[in-house]
Amino acid sequence: MNKLIAPSILAADFGNLQRDVEMVNNSDADWFHIDIMDGVFVPNISFGMPVLKAISNHAKKVIDVHLMIVDPDRYIKTFADLGANFLTVHYEACTHLHRTIQAIKNEGMKAGVALNPHTPISVLEDVINDLDLVCIMSVNPGFGGQSFIENTYKKVQQLKNLIEFSNASTLIEIDGGVTNKNANQLIEVGADVLVAGSYVFKSENPTETIADLKSICN
Ligand code: DX5
Ligand code: ZN
């Protein structure tokens, strides 16, 4: 399968949001990665529904929403209505994860689960066949621009083994600190989707940076 690049809008220039969304539309990127933070599950607040609506009004690619919020079940239908194609919740924020996954799918979206750096892959053994995507956090969630945690490679391998062993077709997404320095090795160990925020938007030429990442991966 072609490997996918998902620029994280958290690192975009919010004063020029439409410009940055159009840049992604016209680039080699595959998805828009949208981080929603509530200041409770993570120590930061990003943006909410009106901003997502503004993004999805202009976005011409898959919208991948990463919820870093407590009790995400409250907003599943809202995110479907706002145009999310993938909706990812955190394992650590869901008491009844299986129910939450089904609720996401019942709204017509693809279902993802994100794991914090300290959470082992094994907690997904009994839901892996229900999942369209697993997001392995390669930084502690809450902020862009952090350094990649090296233990991630091992987790990607473990998740890849679980997916193969279970005959699942789950995508492996990596989120946090992704650059041209780790992209290649991440793909080698089994990653399918690379999220990149600061590395793309803080670069001199984001379109070229996306193209470079895409060429490393394919
Ligand atoms: C972190 C977010 C990431 C973030 C990645 O909590 O989930 O998606 O935007 O940003 P970089 O690529 O700068 O680490
Ligand atoms: Zn994210």
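**Notes on a predicted model**

1. Let's begin with the rings. Searching the whole structure turns up three aromatic pairs. Keep in mind throughout that this is a predicted model. One of the pairs is F14 with F47: the ring centres sit 5.6 Å apart and the planes make an angle of 85°, so this pair is edge-to-face. F14 belongs to the loop between β1 (4–7) and α1 (17–25), while F47 belongs to the loop between β2 and α2 (49–58). That puts the two 33 residues apart, so the pair links distant parts of the chain. The two partners differ in how much surface they show: F14 is partly exposed at 42% relative accessible area, whereas F47 is buried at 9%.

2. Another pair to look at is F148 with Y153. Here the ring centres are 5.3 Å apart and the planes are at 55°, so the pair counts as tilted. F148 and Y153 are both buried.

3. Now the metal. Which protein residues hold the zinc ion (ligand 2)? The donors are H33 through NE2, D35 through OD, H66 through ND1 and D175 through OD, at 2.0 to 2.3 Å from the ion. Along the chain, these donors of the zinc ion (ligand 2) follow the spacing H-x1-D-x30-H-x108-D. D35 is in strand β2 (residues 31–37) and D175 is in strand β7 (residues 171–175), so this pair ties together parts 140 residues apart in sequence. As for burial, D35 has 4% relative accessibility and counts as buried; D175 is buried too, at 7%.

4. On geometry, the site of the zinc ion (ligand 2) is octahedral, with angles of 71 to 170° among its six donor atoms. For reference, the ideal angles for six octahedral donors are 90 or 180 degrees.

5. Next, the sheet. It is an open sheet of eight strands with parallel pairing, and going across, the order is β1-β8-β7-β6-β5-β4-β3-β2. The edges are β1 and β2, each of which pairs on one side only. From one strand to the next, the twist averages 25°. If you want one pairing to trace by eye, try strand β3 (residues 62–68) with strand β4 (residues 86–90), which run parallel over three bridges. D64 stands opposite F86 in β4.

6. What about the cysteines? There are zero disulfides in the structure. C135 is in none, and the nearest cysteine sulfur to it, that of C94, is 13 Å away. C135 is buried, at 0% relative accessibility. C217 is not in a disulfide either; its nearest cysteine sulfur is that of C135, at 15 Å. C217 is likewise buried, with a relative accessible area of 7%.

7. Last, a couple of backbone angles worth checking. Most residues other than glycine have a negative phi. D71, though, has a positive phi, near 50°. D71 is located in the loop between β3 and α3 (76–81), and is partly exposed, at 41% relative accessible area.

8. N167 also has a positive phi without being a glycine, near 55°. Is N167 buried or exposed? At 71% relative accessibility, N167 is exposed. Look for N167 in the loop between α5 (152–165) and β7.

How values were computed
Residues are numbered from 1 along each chain as its sequence is written. Chains are lettered from A and ligands numbered from 1 in the order in which they are written. This is a predicted model: local features need pLDDT of at least 70, side-chain atom pairs count only at pLDDT 80 or more; totals for chains, interfaces and linings use all residues. Side-chain values use heavy atoms; hydrogens and water are left out. Donors are N, O and S atoms within 2.8 Å of the metal (3.2 Å for Na, K and Ca); water is not among the atoms, so sites may look incomplete. Four donors count as tetrahedral if all angles lie between 85 and 135 degrees; four count as square planar and six as octahedral if opposite donors are over 155 degrees apart and all others between 65 and 115; anything else is irregular. Helices (H or I, at least four residues) and strands (E, at least two) are DSSP runs, numbered from the N terminus. Buried means under 20% relative accessible area, exposed over 50%, partly exposed in between (1.4 Å probe, protein chains only). Rings of Phe, Tyr and Trp (its six-membered ring) pair if their centres lie within 6.5 Å; planes under 30 degrees apart count as stacked, over 60 as edge-to-face and the rest as tilted. Two strands pair if DSSP finds at least two bridges between them. Axes are lines fitted to C-alpha atoms, for helices over the stretch in contact, and angles run from 0 to 180 degrees between N-to-C directions. A disulfide is a pair of cysteine sulfur atoms within 2.5 Å.
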